[in-house]
Amino acid sequence: MADELILYTNPMSRGRIARWMLEEVGAPHRTELLDYATTMKAPAYLAVNPMGKVPALRHGDTVVTETAAICAYLADAFPQARLAPPPGDRLRGPYFRWLFFSAGPVEAAVSNKAVGVVVPPERERMMGYGRIDLVMSTLEAALSQSDYLAGANFTAADLYVGSQLGFGMIEKRPVFERYWGRVSARPACKRAKELDDALVPPQTSR
Ligand SMILES: N[C@@H](CCC(=O)N[C@@H](CS)C(=O)NCC(=O)O)C(=O)O
């Protein structure tokens, strides 16, 4: 099928974010489940994503990797879902700003903290995120200003930022909790969770 959508994923991965996005745009898709130890590193999947990581999305002949890019791609590919300000709209500014801020500084700062990387103060200026406390207070200030990050409506930026907050690796702050509570109440988020939860092997605790 020329425009078939395939989500390459594992139910315990960032693929959950892409699934939520697919549910938001209402795009029927096929799921290719990958196992961390085996199929994710096998030649067939490395031909899709040489990084051997999930998620990846195939849309006809187009392959997209990187979860934030998958969200932005789907928002543009299915404009009727209104999950991105249209090209030319000034709201593209905050939309891209917070999408990239979350995929870059937030992700790097949180991952480094999780594995115990400590950046010496004199090297902070060469780190894209600088200091994690500054990243968190910047995000908190943005989320304190309005319900959503790019104008009055929920966009793919909220889906991606919200997913990172909901994942559990980011410190809890009341602003973050309220925001996650708001975005995770969306029916598409609940549907996506149910779909992926059902794919988790029974012996695996989440
Ligand atoms: N930058 C990538 C990261 C993808 C990633 O690290 N995925 C993890 C699962 S959440 C993975 O596939 N890990 C398998 C491995 O590295 O072997 C994205 O945002 O999509």
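**Exercise 1. Find the buried residues of helix 3 and say what they pack against.**

Start with the list: Thr67, Ala68, Ile70, Cys71, Ala72, Leu74 and Ala75 are the buried residues of helix 3. Buried here means under 20% relative accessible area, exposed means over 50%, and partly exposed is in between (1.4 Å probe, protein chains only). Helices (H or I, at least four residues) and strands (E, at least two) are DSSP runs, numbered from the N terminus.

A word on the model before going on: this is a predicted one, where local features need pLDDT of at least 70 and side-chain atom pairs count only at pLDDT 80 or more, while totals for chains, interfaces and linings use all residues. Residues are numbered from 1 along each chain as its sequence is written, and side-chain values use heavy atoms, with hydrogens and water left out.

Next, the partners. The buried residues of helix 3 pack against strand 1 (5-9), helix 1 (15-25), strand 3, strand 4, helix 4 and helix 6 (156-166). Contact means heavy atoms within 4.5 Å.

**Exercise 2. Work out what surrounds the ligand and which polar atoms come up to it.**

First, get the neighbours: Ser13, Arg14, Tyr36, Met40, Lys41, Lys53, Val54, Pro55, Glu66 and Thr67 surround the ligand, each with a heavy atom within 4 Å of it.

Second, go through the polar pairs (N or O atoms within 3.5 Å). For Lys53, an N or O atom of the side chain is 2.8 Å from an oxygen atom of the ligand. Val54 uses its backbone: a polar atom there is 2.8 Å from a ligand nitrogen atom. Glu66 brings a polar side-chain atom to 2.6 Å from a nitrogen atom of the ligand.

Third, check the cover. On its own the ligand exposes 510 Å², and the protein buries 78% of that; these areas come from the Shrake-Rupley method with a 1.4 Å probe.

**Exercise 3. Describe the backbone at Pro55, Glu66 and Arg82.**

Take Pro55 to begin with. Pro55 lies in the loop between helix 2 (43-46) and strand 3 (56-59), and the peptide bond leading from Val54 to Pro55 is cis, with omega near 5°.

Then Glu66, which sits in the loop between strand 4 (62-65) and helix 3 (67-77). Phi of Glu66 is positive, near 75°, in a residue other than glycine. Glu66 counts as exposed because its relative accessibility is 54%.

Last comes Arg82, in the loop between helix 3 and helix 4. Phi of Arg82 is near 55°, again a positive value in a residue other than glycine. With 68% relative accessibility, Arg82 counts as exposed.

**Exercise 4. Is Arg92 buried or exposed, and which residues does Arg92 touch?**

Place the residue: Arg92 is in helix 4 (residues 92-114). Its relative accessible area is 15%, so Arg92 is buried. Leaving out residues up to four places away in sequence, Arg92 touches Asp76, Ala84, Pro85, Pro86 and Pro87. With Asp76 there is also a polar contact, side chain to side chain, at 3.5 Å. For such a pair within protein, one atom must be able to donate a hydrogen and the other to accept it, and residues adjacent in sequence count only if both atoms are side-chain atoms.

**Exercise 5. Where is Met127, and which residues are in contact with Met127?**

Met127 belongs to the loop between helix 4 and helix 5 (132-145). Met127 is partly exposed because its relative accessible area is 25%. Setting aside neighbours within four places in sequence, Met127 is in contact with Asn112 and Val119.
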